[in-house]
Amino acid sequence: MLLKHYFIEKIAHSSYLLAGQKNCAIIDPQRDVDLYLKEARALGVKITHILQTHLHADFISGHMDLAQKTGAKIYVARSANCTFDHVPLVEGDRVELEDMRLEVLETPGHTPEHLSYVVVDTSRADSPIGVFVGDTLFVGDVGRPDLFPDQAKELAGKLYHSLHDKLLKLPDYCEVYPAHGAGSLCGRAMGAKWRSTIGYERRFNNALQIADKDAFIRSLTEDMPPAPDHFSRCSDINRQGPARLAELPRLEELEPARFSARLQEDDYEVLDARSYHAFSSQHVPGAWHLDLKGNFPTFAGWVLPTDRDILLVADDFSKAKEALGWARRVGVDRIVGTLAGSMSAWATSGLSSTSFRQVSAEELHERMQGDSNFVLLDVRAPLEFADSHIEGAVNIPVAELRSRHQELDQDKDIYVICSSGNRSSLGASILAKNGFRQLFNVAGGLTGYSAAGFVKECRACVNPHGSRFYSSVIDGKQDWNEEN
């Protein structure tokens, strides 16, 4: 038995190759599947099984591409009601792979149809050595059950039983192979390790220390981080079977005049993937901004329209292809062209552009001490804002600006701040698309502002992959670990 692990940064997704002597299985594959094909060839094995733990919400899975390229069968929960050709699984089923046996557990909670696969290497013993838990159990955390708001409490109760009555019944030495790690929004407080054991999680996982079921349910249905828009879309796409990558539009490189001509058509949006420093100095009017160095895929899936074609601005064609790959991983499939020569070519073609100012922490602080006739807009998540913020700031999470921009006064200067400068630049681009012109982006965000000594350090900002089970009181409420 050989286990290989693959991790995608930004969306923090883990997938696995489980190989025997001649054949192998891929568990929870990413959308671009060539890395599995290359690895299988290098190992001299054939991909015969594709195992899905659940209908993934935060990314588009590669099961259709992988099945088409290998002829492997796709195994997924019967209750998922998938419309593509697959092998439906229920509790107690077994999937055989040479000397390995994968025993199926139904572990609903994160999603209604969730499965876990307990791995037994029968060549060594008849006891489990590992379990592919998908998004039921993470290192230091458990799957969030609130992706289906009308079922959140019911799913949280099912998650409690999936954990305590099934997964925690496995032996302490049994390894845990989760589908996500630190940085994913499929949980709230994942650790940075890629794998764990049942015993380690039993001892150190904060969520598993909440023995009372009602308290457990409350902990996972109150004060949860917002769920991005694409979480509901991706689940349905994965249920129906995603379009294969070869079927998607080719990225066309467009000279500035052609790029500009396309924009005259109503069905096109512009996405700028350069750094927030470059974007603020000059960009195509009406462009969305998502810094490719930031959490580009999550916010691409979260805010970009999926019913319109998108034209891309990047530093060069290589960066444009990188942005295209990230966008497709979250189901943004209608990026059809990119600006040849980037914004320098746009400028030398005499085409119109716009800009807004970047300000330093010191400059913002000086204005905070003087003129108060402006708006300081903090676009971080509520948990970050609750932990530390600048007095007088207005908190509107960046994705909500699409609908809540009307709460702001267009006649006032608006200083936009986040933890670093990336989300705030996105926020400024959303405001600009809605007619705001007096915009300032705070470079370095609250991280820089606190480093300058002007405000208390935000723990979520400086340690985004750390635990959210703080030992102090936040916003008048104790954390669940402290209460229980």
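**Entry 1: S429**

I looked up S429 and placed it in helix α15 (residues 422–433) of this predicted model. I noted a relative accessibility of 2% for S429, which counts as buried. I then asked which backbone atoms the side chain of S429 reaches. I found the backbone oxygen of L426 at 2.6 Å from the S429 side chain, and the backbone nitrogen of H289 at 3.1 Å. Setting aside neighbours within four places in sequence, I listed F279, A287, W288 and H289 as the contacts of S429.

**Entry 2: strand β16 and its partners**

I followed H289 into strand β17, where H289 is the bridge partner of D272. I recorded two bridges between β16 and β17 (residues 288–289), the two strands running parallel. On β16 I also checked the pairing with β18, and found a parallel arrangement over five bridges. I noted that E269 stands opposite I310 in β18.

I next asked how many residues of β16 are buried. I counted five of its five residues as buried. I saw that both faces of β16 are covered, with Y268, V270 and D272 on one side and E269 and L271 on the other.

**Entry 3: D309 and R308**

I took D309 next, which is found in strand β18. I recorded 19% relative accessibility for D309; the residue counts as buried because the cut-off for buried is under 20%. I found a polar contact of 2.9 Å between the side chains of D309 and R334. Apart from neighbours within four places in sequence, I found D309 in contact with D267, Y268, E269, R334 and V336.

I then examined R308, which forms a salt bridge with E269, the closest N and O atoms being 2.7 Å apart. I noted that this pair links distant parts of the chain, 39 residues apart: R308 lies in the loop between α9 (296–303) and β18 (309–313), and E269 in strand β16 (residues 268–272). I asked whether each partner is buried or partly exposed. I found R308 partly exposed at 24% relative accessibility, whereas E269 is buried at 10%.

**Entry 4: other salt bridges**

I obtained a count of 30 salt bridges for the model. I looked at R402 and D229, whose closest N and O atoms are 2.8 Å apart in a salt bridge. I placed R402 in helix α14 (residues 401–404) and D229 in the loop between α5 (213–219) and α6 (230–240), so the pair ties together parts that are 173 residues apart in sequence. I noted a relative accessible area of 30% for R402, which is partly exposed. I noted 30% for D229 as well, again partly exposed.

I also looked at a pair within a helix: the side chains of E322 and K319 meet in a salt bridge at 3.6 Å, N to O. I found E322 and K319 both in helix α10 (residues 317–329), three residues apart, about one turn of the helix. I reminded myself that an α-helix has 3.6 residues a turn, so residues three or four places apart point the same way. I listed E322 as partly exposed, with a relative accessible area of 33%, and K319 as partly exposed at 34%. I then noted a network in which salt bridges that share partners join R94, R101, E103 and D126.

**Entry 5: helix α12**

I asked which residues of helix α12 (residues 361–369) are buried. I found A361, L364 and R367. I viewed α12 down its axis and noted that these buried residues fall within an arc of 130 degrees, so they line one face of the helix. On the other side of α12 I found E362, E366 and Q369 exposed. I recorded what the buried residues of α12 pack against: the strands β20 (357–359), β21 (374–378), β23 (413–417) and β24 (439–442), together with helix α16 (445–451).

**Entry 6: confidence**

I checked the confidence of the prediction last. I recorded an average pLDDT of 93 for the chain, with 95% of the residues scoring at least 70. I marked residues 468–484, where the pLDDT is below 50. I noted that this stretch has 39 contacts in the model beyond near neighbours in sequence. I add the caution that where pLDDT is low, the predicted coordinates should not be read in detail.

Technical notes. Residues numbered from 1 in each chain as written. Predicted model: local features only at pLDDT ≥ 70, side-chain atom pairs only at ≥ 80, totals over all residues. Heavy atoms only, no water. Salt bridge = Lys/Arg side-chain N within 4 Å of Asp/Glu carboxyl O. Helix = DSSP H or I, 4+ residues; strand = E, 2+ residues; numbered from the N terminus. Buried < 20%, exposed > 50% of the residue type's maximum accessible area, 1.4 Å probe, protein only. Arc of directions from axis to C-beta. Contact = heavy atoms within 4.5 Å. pLDDT = per-residue confidence, 0-100. Polar contact = N/O pair within 3.5 Å; in protein donor to acceptor, adjacent residues only side chain to side chain. Pairing = 2+ DSSP bridges.
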